[in-house]
Amino acid sequence: MAKSNDTSLQEILRGISNGTTRLPDFQRGWVWDDERIRGLIASITSSYPVGAVMFLEYGGDGIRFKSRTFTSVPDDGKKPEMLVLDGQQRLTSVYCSMYSKEPVPTQTIKKEDIQRYYYLDIEKCLDPDADRVDAVVSVPADKKIKEDFGRVIVTDLSTRQGEFANHMFPLNIVFDSIALDEWKDDYRDFHNDPDVSKRLRKFTAEVLNPIILYTLPIIQLDKSTPKRLSVRCSRTSIRAVSL
C-alpha cells in the first residue's frame, strides 16, 4: 500500500545524515554534474517544485534488500527505516551541497572529476533581474576562484572574512541553525552597515527561510509491498530519469 504526504526537506536530509534513510544497494551510483546541481539549487532557493520522491518502508519482504548510505555519509551499520526508490540523484545533490560539510565530489559537463562547495551570491539573489542560477556559485575545494591558469586569485572565500567581504553565503550551513545564526551575526558585525543588515534580513526572508521550510512530496510504500514490485518501481524511475 502506498501513501503520499509532503515532508520537509530538512527532515529528509536529517534521516540521510543519521543513516536511517538509505539506498537499496542495487541502485546505480550518483552521477549528477556541477551544472545540474546548480540548477537544482536554483530551483529550491526559488521555491520551485523539483518533483516527488519515492520511499519504501524498511521491513517485511523489503528487509532482504541490501542497503548503503548516501554519498558523503559514513556507514555505521545502522538499520534503515526508509529506502529511497526514486529521488537518489536529487537528494544526494541536495545533501552534499546543503548539508554535508565536505566538498561535493562531482563532475564537469565533460565528465572530469572535481570537488566543489556551493555559495549563494546575496546581491544577485536580491536582484529581481538576475537569473537565480547565476546566483548559485560553485567554487573549488580550496574555496578560491582563480584565473590565468590558476595563477591569479579573483575571489577568495577560504575565510569567513572573505565570505563576508564578497557577500557570499555558504550553503552547507543553511540547515545548521547555530552555525547559521553565528554567520549572520558575524556578517552584520563585519560590515557594520544598516543597509547591509537590511539586505541580510531580506535575503533571510526571501531565500534562506524558504529553503529551511521547503517540502518535498513523498510517495511512501509500506513494508508489505512485495520485493518484486519495489524493484520494478525503482528501476522504472531510474529509466525515466535517464531519458
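The chain folds into nine helices and twelve strands. The model is predicted. Of the 243 residues in the chain, 47% are buried. Long-range links are frequent: 72% of contacts between residues at least 6 apart in sequence join residues at least 24 apart.

**Helix 2**

- Helix 2 covers residues 34–45, twelve residues in total.
- From first C-alpha to last, helix 2 reaches 16 Å, close to the 16 Å expected at 1.5 Å a residue.
- At the start of helix 2, a side-chain oxygen of aspartate 33 comes to within 3.1 Å of the backbone nitrogen of glutamate 35.
- Just after helix 2, serine 47 has a positive phi of about 65°.
- The buried residues of helix 2 are Asp34, Ile37, Arg38, Leu40, Ile41, Ala42, Ile44 and Thr45.

**Helix 3**

- Helix 3 spans residues 88–98.
- Helix 3 is mostly covered, with eleven of its eleven residues buried.
- Among the buried residues of helix 3 are Gln88, Arg90, Ser93, Tyr95 and Met98.

**Nonpolar cores**

- The largest nonpolar core holds 52 residues.
- Within this core, Leu91, Met98, Leu120, Phe169 and Phe203 touch the most other members.
- Helix 8, residues 194–212, gives the most to this core, with six residues.
- Another core lies apart from the largest one and has seven residues, among them Leu56, Tyr58, Leu83 and Leu85.

**Two residues and their contacts**

- Methionine 98 is in contact with Ile41, Ile44, Leu171, Asn172, Ile173, Val174, Phe175 and Ile211, leaving aside neighbours within four places in sequence.
- Two of these partners of methionine 98, Ile41 and Ile44, are buried residues of helix 2.
- Isoleucine 212 is found in helix 8.
- Not counting residues up to four places away in sequence, isoleucine 212 touches Gln10, Val174, Phe175 and Leu180.
- Val174 and Phe175 therefore need no separate introduction: they appear among the contacts of methionine 98 and among those of isoleucine 212.
- Isoleucine 212 and glutamate 11 are 201 residues apart along the chain, yet their C-alpha atoms are separated by 10.0 Å.

**The cavity**

- The count comes to one cavity of 30 Å³ or more.
- The largest cavity has a volume of about 50 Å³.
- Its lining is made up of Leu9, Leu40, Ile44, Val50, Val53, Arg90, Leu91, Val94 and Leu216.
- Helix 2 and helix 3 each supply at least two residues of the lining of the largest cavity.
- Helix 3 gives the most to this lining, with three residues.
- Leu91 appears both in the lining of the largest cavity and among the core residues that touch the most other members.

**The pocket**

- The largest pocket has a volume of about 260 Å³.
- The lining of the largest pocket has 13 residues.
- Of these, Thr7, Glu11, Thr21, Phe55 and Met82 lie nearest the centre of the pocket.
- Strand 1 (2–8), helix 1 (9–17) and strand 12 (215–221) are the elements that give two or more residues to this lining.
- Helix 1 gives the most, with four residues.

Key:
Residues numbered from 1 in each chain as written. Predicted model: local features only at pLDDT ≥ 70, side-chain atom pairs only at ≥ 80, totals over all residues. Heavy atoms only, no water. Expected span 1.5 Å × (residues − 1). Buried < 20%, exposed > 50% of the residue type's maximum accessible area, 1.4 Å probe, protein only. Polar contact = N/O pair within 3.5 Å; in protein donor to acceptor, adjacent residues only side chain to side chain. Core = buried A, V, L, I, M, F, W, Y, C linked by side-chain atoms within 4.5 Å. Contact = heavy atoms within 4.5 Å. 1 Å grid on protein atoms, 1.4 Å probe; cavity = no way out; pocket = protein on both sides within 12 Å on 5 of 7 lines; lining within 4 Å. Points joined across faces, edges and corners; volume = space filled by probe spheres on them.
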